[in-house]
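Here are my notes on this model, as promised. Please have the sequence and coordinates open while you read.

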Amino acid sequence: MLQTAVIKENRDWVIKALEKKKFRKATELIDEILRLDQERKETQQKMDQAQAEANQLSRQIGEWMKSGEIGKAESEKEKVASLKLEAATMQQQLELVQKQLNEALLTVPNTPCEKVPVGNGPEDNQLMRSYNPEGKILFQPLLPHWDLIKQYDIIDFELGNKITGAGFPVYKGAGARLQRALINFFLDEALKAGYVEIQPPIFVNEASGLGTGQLPDKEGQMYHMTEDRLYAIPTAEVPITNLYRDEILSENQLPIRNVGYTPCFRREAGSWGAHVRGLNRLHQFDKVEIVQITKPENSYQTLEEMVNYVAGLMEQLELTFRVIKLCGGDMGFTSALTYDFEAYAPGQKLWLEVSSVSNFEAYQANRLKLRYRTADKKTILLHTLNGSALALPRIVAALLETNQQKDHILVPKVLHPYTGFETINLGK
RNA sequence: GGAGAGAUGCCUGAGUGGCCGAAAGGAGCAGUUUGCUAAACUGUCGUACGGGCAACCGUACCGGGGGUUCGAAUCCCCCUCUCUCCGCCA
């Protein structure tokens, strides 16, 4: 969440920034936050003062008791009681105000950075770069991947339906091996790039969900195990970033560069429609995620590095893709700047989002209480960043559709050492 | 699942009602010193909020919540977690 100090010092700027994100009622809410913060401060002052007096008097009473002035001690006890009562009343008020302040802050999204283009939705996003592998001749007629996976019998939705439900596909034979190949390829590449591999739990507690901002914003989008009060992670970002919750890192630990493969779970409540056939949208999918934690002054340079890294993966997979910068109206709640990667799926003539690389600045760090200590012993909030590198299903969709031939599907060269085969063939 | 023990600062660990935000040691940081690796010595060393230009001051925090008391890390109750033993088990 935003820091109240930042809001206080830059009220007008914050409101303007929030309006860029198409956040309604920014002015009202920000002013309410400032009012609550002021009330919080005043209440605390009153409480502290009552406490201070009570503490002092209690100490005095102790000394009187020791020196035998019992009468004096007894007569002042009541005074302490009334001071304590006053302090307790103030504390109740303080807790109430703090709760209100916190709730208000939780509903405010992150402010977009200056580089974010103004806009309402996808149509206003900015194309940053595109890539089209040379010399690639697409086989005609092109089929969408949902026909190909049936034809080659590599991914089975009906079976998943039987054992779990819609959106939980079963990968079989070459399909399963392709999944494993991609995961290993992505992890190995990240290792080469200097990321440290993490294998986190795939269920997290409520504090973790709050830490990275999925709660309360995306409450209904996560699978929730009410019995044990755990959430199935929607992305490895949640457990990996939360590793550093409530930490004060030393400067020499920075930057943190982690990579993790996990399955990801999304309820996708209310978002099923015409364009979500086949692998385009699933309840469970695999993803390799990169996470970085940097000093504030380095985060935007790091974001560019991460974008370049993901672009490198896409090029190695020989996929047609484009990178777009999201406009204010299309960005996520917690992000300050996001680049989306879209792979072209020629069989369905669609661009599919395969990666989202974001800088959250101090927004997550403030919730996480993730800081570092400077040389002069100050604690400063860090910046968190993450990106998919990469999410599998749509990559698979694009790969299958791009590389389909008359009676086989080509596997990109970089994956051959991982798959152990160069083509996916019919009838096997 | 059953029985017992425990939870204190970055770590180890002392502290059973006021002088405890907390001993001591280690690690870390800064400095001094010796010819390197290293050692010795000195100092420093929690977080948050509030006040102050600042030095500094106030308040809270010894797993979490509640209670007793003029006063709680310390006594009482509840919860959570960890460890040990037994059972079960990939």
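The points below cover the RNA-facing surface and then the internal cavity.

1. This is a predicted model, in which local features need pLDDT of at least 70, side-chain atom pairs count only at pLDDT 80 or more, and totals for chains, interfaces and linings use all residues. Side-chain values use heavy atoms, without hydrogens or water.

2. RNA strand B is surrounded by 19 residues, each with a heavy atom within 4 Å of the strand. The closest are R40, Q44, S58, V80 and R373. Sugar or phosphate accounts for 77% of the strand's atoms within 4 Å of the protein, and bases for the rest.

3. Some polar contacts (pairs of N or O atoms within 3.5 Å) are worth a look. A polar side-chain atom of R40 sits 2.5 Å from a sugar or linking oxygen of RNA strand B, and one of K84 is 3.3 Å from a phosphate oxygen. With S58, a backbone N or O atom lies 2.7 Å from a base nitrogen.

4. Which element gives the most to this surface? It is α3, with 12 residues.

5. Turning inward, there is 1 cavity of 30 Å³ or more; a cavity here is a set of points on a 1 Å grid over the protein atoms alone where a 1.4 Å probe fits but cannot get out. The volume of the largest is about 40 Å³, as the space filled by probe spheres set on the points, which are joined across faces, edges and corners.

6. Residues lining the largest cavity include L178, N403 and I424, and α12 gives the most to that lining, with 3 residues.

Note on methods:
Residues numbered from 1 in each chain as written. Chains lettered and ligands numbered in written order. Polar contact = N/O pair within 3.5 Å; in protein donor to acceptor, adjacent residues only side chain to side chain. Helix = DSSP H or I, 4+ residues; strand = E, 2+ residues; numbered from the N terminus. 1 Å grid on protein atoms, 1.4 Å probe; cavity = no way out; pocket = protein on both sides within 12 Å on 5 of 7 lines; lining within 4 Å.
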